[in-house]
Amino acid sequence: MTHDLFRQDAYLRECSAHITAVTDAGIVLDQTVFYPLGGGQAGDSGVLMLADGSEIAIADTRKGKDAEGKPTSDIVHMPAPGQDDRLAQLTEGTAVTARIDWERRHRMMRLHTTSHLLCHVVPQLVNGCSITPDYARLDFAMTDPLDKEQLTAAIATLVAAAHPLTVASISDEELDANPALVKSMSVQPPRGTGRIRTIRIGGDGSTPLIDLQPCGGTHVANTAEIGPIIVTKIEKKSATTRRVVLGFAP
C-alpha cells in the first residue's frame, strides 16, 4: 500500500520514502507525492533520488494492479528507459527521495481547476475528459453550439474573482442522496473507504458557490493562481457531444 500524500497537499514537491517493491511494472514506495494516471489526469513524472546522489528518472506514474488486472492500493513509479543498471541495485527497504517535475504538475493543477470552472460555465454532464500539462479537454453531453470567446471570457472572470478552493469529503450515503454532485458520466468517484473526496470552488461564506463535485485530482488553492486560460477549440464530436479544449494563453 502506498500512502498518497498528494491527496492532502497538492503542493508537496518531494517526500522521503522507502521502496516496498521493484517489479516489471515499476517501483512501489510506501508513500509518494507522485499522482498516478486517473480521473482523466495524466500521471506525474520526476525523479527518485538515492542516498549516494544518483537518480532514477520516472517517466510516468500508474495505479498498481494485481495478477488479475484489478486495481490495488499501490502506486507504481515507471522508470524511463535506459536505467537497467541502476534499477538492478534497488531492493526492498531502500530509502529514496521522491521528487516530482513541479512545473509540469503545476500546469496540470491549473488546467484541472479550470476544467471545474468550465463545468460551472457549461452546466452539462461530462462524458469524457483529459488533463495534460499542455491542454485540457472536456466532452459535454449536449447538442447546443458553444462560443469560444464567450467561454474564454466567462472563465477569465472566474479566475480573476480569486475564488478559494477547498478539499473536503462526503460519505457514500451523502453522495447517494445528492447524485447531481457527480458531473461525469464516464468516471465515477472511487468508493470503498466510506468517504469520498470532494473539491469545492467558492461557497466559503464570502464568495458564491461555483462548483462542488467528487474529484481525486490535484488543483490550485485559488482560481487567481490559474492565470490566463483560453478556449483553443470547440468540436462537434457527435450529434450529442461537444468537445471544449482549454489551453494557456500565449
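In this predicted model, the second largest pocket is lined by Ala21, Thr23, Ala25, Val28, Arg62, Lys63, Gly64, Lys65, Thr72, Asp74, Val76 and Met78. Two elements, strand S6 (55–65) and strand S7 (71–79), each give two or more residues to this lining. Sorted by class, the lining holds 5 nonpolar, 3 polar and 4 charged residues. The volume of the second largest pocket is about 170 Å³.

The interior was examined next. The largest nonpolar core comprises 48 residues, and those that touch the most other members are Leu29, Leu48, Leu118, Phe140 and Leu246. Helix H2 (residues 102–121) supplies the largest share of this core, namely 7 residues. Another core, of 5 residues, lies apart from the largest one and includes Ile170, Leu175, Leu181 and Val182. When neighbours within four places in sequence are left aside, Phe140 is in contact with Leu118, Val122, Gln124, Leu125, Val126 and Asn127, and also with Thr240, Thr241, Arg242 and Val244.

Two further residues illustrate the surroundings of strand positions. Val47 belongs to strand S5 (residues 46–50). With a relative accessible area of 17%, Val47 is buried, because buried residues are those under 20%. Beyond its neighbours within four places in sequence, Val47 is in contact with Phe34, with Glu55, Ile56, Ala57 and Ile58, and with Thr97, Ala98 and Arg99. Val47 and Val96 are 49 residues apart in sequence, while their C-alpha atoms are 9.6 Å apart in space. Ser130, in turn, is placed in strand S9 (residues 126–131). The relative accessible area of Ser130 is 15%, so this residue is also classed as buried. Residues up to four places away in sequence not being counted, Ser130 touches Gly40, Tyr135, Ala136 and Arg137.

The cysteines were considered last. The count of disulfides comes to 0. For Cys129, the closest cysteine sulfur is that of Cys215, at 8.3 Å. This separation is too far for a bond, because a disulfide requires sulfur atoms within 2.5 Å. Cys129 has a relative accessibility of 26% and therefore counts as partly exposed, a class that lies between the buried limit of 20% and the exposed limit of 50%. Cys15, by contrast, is buried, with a relative accessible area of 9%.

Note on methods: Residues numbered from 1 in each chain as written. Predicted model: local features only at pLDDT ≥ 70, side-chain atom pairs only at ≥ 80, totals over all residues. Heavy atoms only, no water. 1 Å grid on protein atoms, 1.4 Å probe; cavity = no way out; pocket = protein on both sides within 12 Å on 5 of 7 lines; lining within 4 Å. Points joined across faces, edges and corners; volume = space filled by probe spheres on them. Helix = DSSP H or I, 4+ residues; strand = E, 2+ residues; numbered from the N terminus. Nonpolar A, V, L, I, M, F, W, Y, C, P; charged D, E, K, R; others polar. Buried < 20%, exposed > 50% of the residue type's maximum accessible area, 1.4 Å probe, protein only. Contact = heavy atoms within 4.5 Å. Core = buried A, V, L, I, M, F, W, Y, C linked by side-chain atoms within 4.5 Å.
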